[in-house]
Amino acid sequence: MSIKFDFLCKDRVLATVVTDYQVKTVSVQNFTDDPIERPFGIRENPTIADLDSFFESRCFPESRYNKKAVLKAIGVDYYDPYLIVQKTHGRQLDDYMWIKFEGEELDYERDIKLRD
């Protein structure tokens with residue numbers, strides 16, 4: 001399975017990530033020098049484990065008290081950070097970062113924005 005996505009802050013692309021789970025490779029092209037705005041911080045050669053941790057960092061915790069209701073609301077059958085961020089785009093209320101997967105035609109203002 002191959003996954004390609006952009007990590008953005010509003011409409012600004014911060015990084016492009018390409019991964020291949022079969023050969024267990026992750027490549028990242030960062031477009032910012034700020035480690036806070038990078039999906040893998042200072043790591044230049046992230047691993048599949050780093051990618052999995054990144055996806056988990058962009059979704060609600062597995063220990064959330066109403067996890068089953070939230071999963072049902074977003075259309076996911078079980079807790080899997082990758083499946084969750086596919087639905088939520090990794091949006092969070094405390095920042096403006098989000099994930100745009102290859103082939104998606106999304107606009108920050110129209111489709112992603114949670115708050116002003």
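Histidine 89 sits in the loop between helix H3 (81-88) and strand E4 (97-101). The model is predicted. In this model, the phi angle of histidine 89 is near 60°, a positive value in a residue other than glycine. Most residues other than glycine have a negative phi. Histidine 89 counts as buried, because its relative accessibility is 10% and the cut-off for burial is under 20%.

The loop between H3 and E4 also holds aspartate 94. With 62% relative accessibility, aspartate 94 counts as exposed. The loop thus contains a buried histidine 89 and an exposed aspartate 94. Aspartate 94 can also be placed relative to arginine 115. The two are 21 residues apart in sequence. Their C-alpha atoms are 9.6 Å apart in space.

A positive phi is also found at lysine 10, with a value of about 55°. Lysine 10 is not a glycine either. This residue belongs to the loop between strand E1 (2-9) and strand E2 (12-20). Its relative accessibility is 38%, so lysine 10 counts as partly exposed. Histidine 89, by comparison, is buried.

Strand E2 follows that loop. Alanine 15 lies in this strand, and so does threonine 16. Alanine 15 is buried, with a relative accessible area of 0%. Apart from residues up to four places away in sequence, alanine 15 touches Phe5, Asp6, Phe7, Val28, Gln29, Asn30, Phe31 and Pro39. Tyrosine 82 lies 67 residues from alanine 15 along the chain. The C-alpha atoms of this pair are separated by 17 Å.

Threonine 16 counts as buried, because its relative accessibility is 16% and burial means under 20%. Its side chain makes a polar contact of 2.7 Å with the side chain of aspartate 6. Beyond its neighbours within four places in sequence, threonine 16 is in contact with Lys4, Phe5, Asp6, Ser27, Val28, Gln29 and Phe31. Aspartate 6 therefore appears in the contacts of threonine 16 and also in those of alanine 15, and burial is assigned to threonine 16 at 16% and to alanine 15 at 0%.

The overall fold can now be set out. The protein has 4 helices and 4 strands. From the N terminus on, the order of elements is β-β-β-α-α-α-β-α. Among contacts between residues at least 6 apart in sequence, 36% join residues at least 24 apart.

Overall dimensions were computed as well. The protein has a radius of gyration of 14 Å, which agrees with the value near 13 Å for a compact globule of 116 residues. Along the principal axes, the C-alpha atoms fill a box of roughly 35 × 35 × 25 Å.

Burial and surface complete the description. Buried residues account for 40% of the 116 residues. The accessible surface comes to about 7,200 Å². Carbon and sulfur atoms contribute 48% of that surface. The charged side chains number 17 positive and 22 negative. The centres of these two sets lie 5 Å apart.

Methods
Residues are numbered from 1 along each chain as its sequence is written. This is a predicted model: local features need pLDDT of at least 70, side-chain atom pairs count only at pLDDT 80 or more; totals for chains, interfaces and linings use all residues. Side-chain values use heavy atoms; hydrogens and water are left out. Helices (H or I, at least four residues) and strands (E, at least two) are DSSP runs, numbered from the N terminus. The radius of gyration is taken over C-alpha atoms; the globule rule is 2.2 Å times the number of residues to the power 0.38. Buried means under 20% relative accessible area, exposed over 50%, partly exposed in between (1.4 Å probe, protein chains only). Contact means heavy atoms within 4.5 Å. Accessible areas come from the Shrake-Rupley method with a 1.4 Å probe; for residues, only the protein chains shown count as cover. Lys and Arg count as positive and Asp and Glu as negative; His and the chain ends are not counted. The place of a charge is taken as NZ of Lys, CZ of Arg, CG of Asp or CD of Glu. A polar contact is a pair of N or O atoms within 3.5 Å; within protein, one must be able to donate a hydrogen and the other to accept it, and residues adjacent in sequence count only if both atoms are side-chain atoms.
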